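Visitor: I would like a close look at a single part of this structure, the place where protein and DNA meet. Please take it slowly.

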2 protein chains.
Amino acid sequence: MSQAPGKTAGDTRSRILDAGERLFMEHGFDGTSMRMITSQAGVNLAAVNYHFGTKELLIQEVFRRRLTHLNQSRLAALAQLEAEAAGSPLKPSRIVDAFFGTALRMAADVEGGGHTFMCLLGRTYTEPNEFVRKFLAEEYAECVERFLTALYRALPEVDRNEILWRFHFMMGAMSYAIAGTDALQLVTGKFNDENPSRLAPRLMSFLLGGLRAPLAEFSPLN
Amino acid sequence: MSQAPGKTAGDTRSRILDAGERLFMEHGFDGTSMRMITSQAGVNLAAVNYHFGTKELLIQEVFRRRLTHLNQSRLAALAQLEAEAAGSPLKPSRIVDAFFGTALRMAADVEGGGHTFMCLLGRTYTEPNEFVRKFLAEEYAECVERFLTALYRALPEVDRNEILWRFHFMMGAMSYAIAGTDALQLVTGKFNDENPSRLAPRLMSFLLGGLRAPLAEFSPLN
DNA sequence: AAACCATTAAAACGTTTGTTTGAATCATAC
DNA sequence: GTATGATTCAAACAAACGTTTTAATGGTTT
């Protein structure tokens, strides 16, 4: 519908990947059928199996196509931080920005498909399908370990379990902020009152506030 | 498997609801079939349609069974806060506890099924299925509005959009903390080094830190 | 022109899906 | 005991699922 009906500039493979990315984001893995994908991509039904083998291998390729690049960008940002610091300890806020800010900048790219992909990724963190989760964990392993190590060094006085938990909380807040169509979004009218580009600074200040919160307080003042 | 094979104490309806709750949590809505539910519940295949009509009405009842009670508890906690305050402004931390703490206490009830349900609920916030989302939004509408109003009053100097966003972020962090099987959980070995009951204080301090974070900072110190 | 390989096309494969049917079974009321 | 209404049961339904098959097409190389 978006391309010329006959021959297309982009080849069949990338058209399938684009259609799959969008449909998996909208309807989930089990909720998206092969026929939905091929009809949206404007290709024959058998094309998915021909080019990717199975439905599982297709979604695997949908993720790998962008996730590899995202995590490389994150690691590059962290490496640059470490190079600039030249041995002196890193600011936690810089580490957080290297990880979450990089993802948010990808999510800000609407036309290039980065936004769609980040929505898909955020939803997939709670995706029940076990095969998808295992694949994601492998793809993330190195990057997460490097960032955790950096945070441990930047905050030597904080218990490592606490850092781990707060990283977990930050992942949730970000995924949700991008992908979540939750009660709030539906009840209050989908945040249409503001420029969506303001999400990044809002979220970053929230994340840093949570990261720096005093430990183990429960019934505090304020 | 858990009950006597023949006649059961709990009636068919509740056995189906319990099985559905667990399976929807584990495999999602589209990933759970009627046959999975009925065989796990130990009832005939036609029992679901007989007692609930359709699969969609079943999951609707799975949610309503517990969600109504959860939101009533939240509203009751808020009402008690307002009664105790007797006109004076409420502490934001108390409001946050009335909303998120109540949910966390439900999630701590493992044997009664509260934990399973909270996992299901957290995952459903990013559930693509549109029908499920619409139902959840209606079920949540009143409770969310009441709590937002309370937060607006408690923080009159803060921009309301900012409060709305931070409520959104807090929802994400909590849902994720309970339901998320993300990269972290899989990479680092599922947080098995600590008593899971410590989740609540950890999360509450993180949420309050984020809520109180200075506004619109982006490249701050620390 | 002929041969070759990669790609596309239409059709069918066997399963599984949610749902419905009609008879069998049960408890209770008459 | 017999009738009644609710529930359970085995069986079947059409539709949709992921995948495979076989032939047709297109471009490139001999």
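Visitor: How many residues surround DNA strand D, and which are the closest?

Guide: One caution comes before the details: the model is predicted. In this model 15 residues surround DNA strand D. The closest are A:Met34, A:Arg35 and A:Lys55 from chain A, together with B:Thr12 and B:His51 from chain B.

Next, consider which parts of the DNA are involved. Of the atoms of DNA strand D that lie within 4 Å of the protein, 48% belong to sugar or phosphate, and the rest belong to bases. Individual atom pairs give examples of both kinds. On the base side, an N or O atom in the side chain of A:Arg35 is 2.9 Å from a base nitrogen of DNA strand D. On the phosphate side, the side chain of B:His51 has an N or O atom 2.7 Å from a phosphate oxygen of DNA strand D. The side chain of A:Asn49 also has an N or O atom facing a phosphate oxygen of this strand, here at 3.5 Å. Two elements give two or more residues to the surface near DNA strand D: helix 2 (34–41) of chain A and helix 3 (47–52) of chain B. By class, the residues of that surface divide into 5 nonpolar, 7 polar and 3 charged.

Now turn to the other strand. DNA strand C is surrounded by 15 residues, and the closest are A:Thr12, A:His51, B:Met34, B:Arg35 and B:Lys55. Of the atoms of DNA strand C within 4 Å of the protein, 45% belong to sugar or phosphate, with the rest belonging to bases. The side chain of B:Arg35 places an N or O atom 2.9 Å from a base nitrogen of DNA strand C. For B:Lys55, a side-chain N or O atom is 2.8 Å from a phosphate oxygen of the strand. B:Thr32 takes part through its backbone: one of its backbone N or O atoms lies 3.5 Å from a phosphate oxygen of DNA strand C. The elements that give two or more residues to this surface are helix 3 (47–52) of chain A and helix 2 (34–41) of chain B. The surface near DNA strand C has 5 nonpolar, 7 polar and 3 charged residues.

The chain can also be followed beyond the DNA surface. A:Lys55, one of the closest residues to DNA strand D, is where helix 4 (residues 55–85) of chain A begins. The axis of helix 4 of chain A comes within 10 Å of the axis of helix 7 (residues 130–154) of chain A, and the two cross at roughly 0°. Helix 4 of chain A is therefore roughly parallel to helix 7 of chain A. Their contact has 14 nonpolar, 3 polar and 7 charged residues.

A further pair in chain A is helix 5 (residues 92–107) and helix 10 (residues 199–211), which pack at an angle of about 140° with their axes 11 Å apart. These two helices of chain A are therefore oblique to each other, and their crossing is right-handed. The residues of the contact between helix 5 of chain A and helix 10 of chain A divide into 11 nonpolar, 2 polar and 1 charged. Among the residues that meet there are A:Phe100 and A:Leu104 in helix 5 of chain A, and A:Leu203 and A:Leu207 in helix 10 of chain A.

Conventions
Residues are numbered from 1 along each chain as its sequence is written. Chains are lettered from A and ligands numbered from 1 in the order in which they are written. This is a predicted model: local features need pLDDT of at least 70, side-chain atom pairs count only at pLDDT 80 or more; totals for chains, interfaces and linings use all residues. Side-chain values use heavy atoms; hydrogens and water are left out. Axes are lines fitted to C-alpha atoms, for helices over the stretch in contact, and angles run from 0 to 180 degrees between N-to-C directions. Helices (H or I, at least four residues) and strands (E, at least two) are DSSP runs, numbered from the N terminus. Angles under 35 degrees count as roughly parallel, over 145 as roughly antiparallel, 65 to 115 as roughly perpendicular and the rest as oblique. A crossing is left-handed if the near helix is turned anticlockwise from the far one by less than a right angle, and right-handed if clockwise. Contact means heavy atoms within 4.5 Å. Ala, Val, Leu, Ile, Met, Phe, Trp, Tyr, Cys and Pro count as nonpolar, Asp, Glu, Lys and Arg as charged, and the others, Gly among them, as polar. A residue is near a molecule or strand if one of its heavy atoms lies within 4 Å of it. A polar contact is a pair of N or O atoms within 3.5 Å; within protein, one must be able to donate a hydrogen and the other to accept it, and residues adjacent in sequence count only if both atoms are side-chain atoms.
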